[in-house]
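Here's a set of short exercises on a protein model you may not have met before. Have a go at each task before you read its solution.

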Amino acid sequence: MKQFLLALLLVFTVTGIAHAAAPKADEKAVAKAVEFMRQAMISGNKADLMKVALPGLVYIHSAGAAENRDEFVNSLATRKSHFTAITLTEQKITVAGNVAVVQHIFDGTLDPGKPRTVYLRIMLVFKKTKGEWKLLARQAAKADRPK
């Protein structure tokens, strides 16, 4: 009986460790997807931008304008919006099943001809589809730069 209980305890311990490791692996995968998106936004590579976003994307700007996937991709791929630098800080990732919510500060520089900066608080929603984390929704709000 003691051996049975010890074996059962071992199974629950190993299973618990496996379940605890899964969210950490997903958090790392989501962070990788966010970094891929950051780089794609700077490069304006249309194929990479299409790869990161789901067809039903809802992309909300800090001024309230909303874009779908094609509008988001075309804005960056045609350089209508051209980021020369993007820094992400204070990133927090929460995974719940096949959905992840990412919060961070987005500090970016737009348009090399007439540079301007944006400093935003961002919320991203990623969905795990066919083993990959894809952007489903994005909401931005203006944030105050630290002094």
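The exercises below go through a predicted model, with a worked solution after each task.

**Exercise 1. Get your bearings**

Work out how many helices and strands the protein has, and in what pattern they follow each other along the sequence.

*Solution.* Start by counting: there are three helices and six strands. Next, walk along the sequence, and you'll read α-α-β-β-α-β-β-β-β. So much for the parts list; now for some overall figures. The protein has 147 residues, and 31% of them are buried. Its exposed surface comes to about 9,100 Å², with 61% of that supplied by carbon and sulfur atoms. Finally, take the contacts with a separation of 6 or more: 49% of them join residues 24 or more positions apart.

**Exercise 2. Put the sheet in order**

Find the order of the strands in the open sheet, and say which ones are the edge strands.

*Solution.* Step one is the order, which is β2-β1-β6-β5-β4-β3 in an open sheet of six strands with mixed pairing. Step two is the edges: β2 and β3 each pair on one side only, which makes them the edge strands.

Step three: look at both neighbours of β1 (residues 53–60). With β6, strand β1 pairs in the parallel sense over four bridges. Want a spot to check? V58 has A137 in β6 as its bridge partner. With β2 (residues 66–67), β1 pairs in the antiparallel sense, this time over two bridges. Here I60 stands opposite A66, and Y59 stands opposite E67. As background, strands of a sheet pair through backbone hydrogen bonds, either parallel or antiparallel.

Step four: follow the chain from β1 to β2. This hairpin has five residues between the strands, and G64 takes a positive phi near 105° there.

**Exercise 3. Spot the odd phi values**

G64 is a glycine in a hairpin with a positive phi. Now locate R79 and K130, give their phi values, and decide how exposed each one is.

*Solution.* First, the general background: most residues other than glycine have a negative phi. Then take the two residues in turn.

- R79 isn't a glycine, yet it has a positive phi of about 70°. You'll find R79 in the loop between α3 (69–77) and β3 (83–96). Partly exposed means between 20% and 50% relative accessibility, so R79, at 36%, counts as partly exposed.
- K130 also has a positive phi, near 50°, without being glycine. K130 sits in the loop between β5 (116–129) and β6 (132–142). The cut-off for exposed is over 50%, so K130, with 82% relative accessibility, counts as exposed.

**Exercise 4. Explore the two largest pockets**

Give the volume of each of the two largest pockets, and say which elements supply two or more residues to each lining.

*Solution.* Begin with the largest pocket, which holds about 370 Å³ of space. Among its 19 lining residues, H61, S81, F83, L110 and R116 are the closest to the centre. The elements giving two or more residues to this lining are α3, β4 (99–110) and β5. Sort the lining by class and you get eleven nonpolar, four polar and four charged residues.

Now move to the second largest pocket, with a volume of about 290 Å³. Its lining includes A29, F36, K51 and W133. Here α1 (2–43), α2 (46–52) and β6 each supply at least two residues. The biggest giver is α1, with five residues. By class, this lining splits into five nonpolar, two polar and four charged residues.

**Exercise 5. Look inside**

Find how many cavities of 30 Å³ or more the structure holds, then describe the lining of the largest cavity.

*Solution.* The count is one. The largest cavity has about 70 Å³ of space. To locate it, pick out some of its lining residues, including M37, Y59, L88, F106, L124 and R138. Then check the elements: α1, β3, β4 and β5 each bring at least two residues to this lining. The largest share comes from α1, which gives four. Last, sort by class: nine residues are nonpolar, one is polar and two are charged.

Key
Residues numbered from 1 in each chain as written. Predicted model: local features only at pLDDT ≥ 70, side-chain atom pairs only at ≥ 80, totals over all residues. Heavy atoms only, no water. Buried < 20%, exposed > 50% of the residue type's maximum accessible area, 1.4 Å probe, protein only. Contact = heavy atoms within 4.5 Å. Areas by Shrake-Rupley, 256 points an atom, 1.4 Å probe, with all protein chains shown as cover. 1 Å grid on protein atoms, 1.4 Å probe; cavity = no way out; pocket = protein on both sides within 12 Å on 5 of 7 lines; lining within 4 Å. Points joined across faces, edges and corners; volume = space filled by probe spheres on them. Nonpolar A, V, L, I, M, F, W, Y, C, P; charged D, E, K, R; others polar. Pairing = 2+ DSSP bridges.
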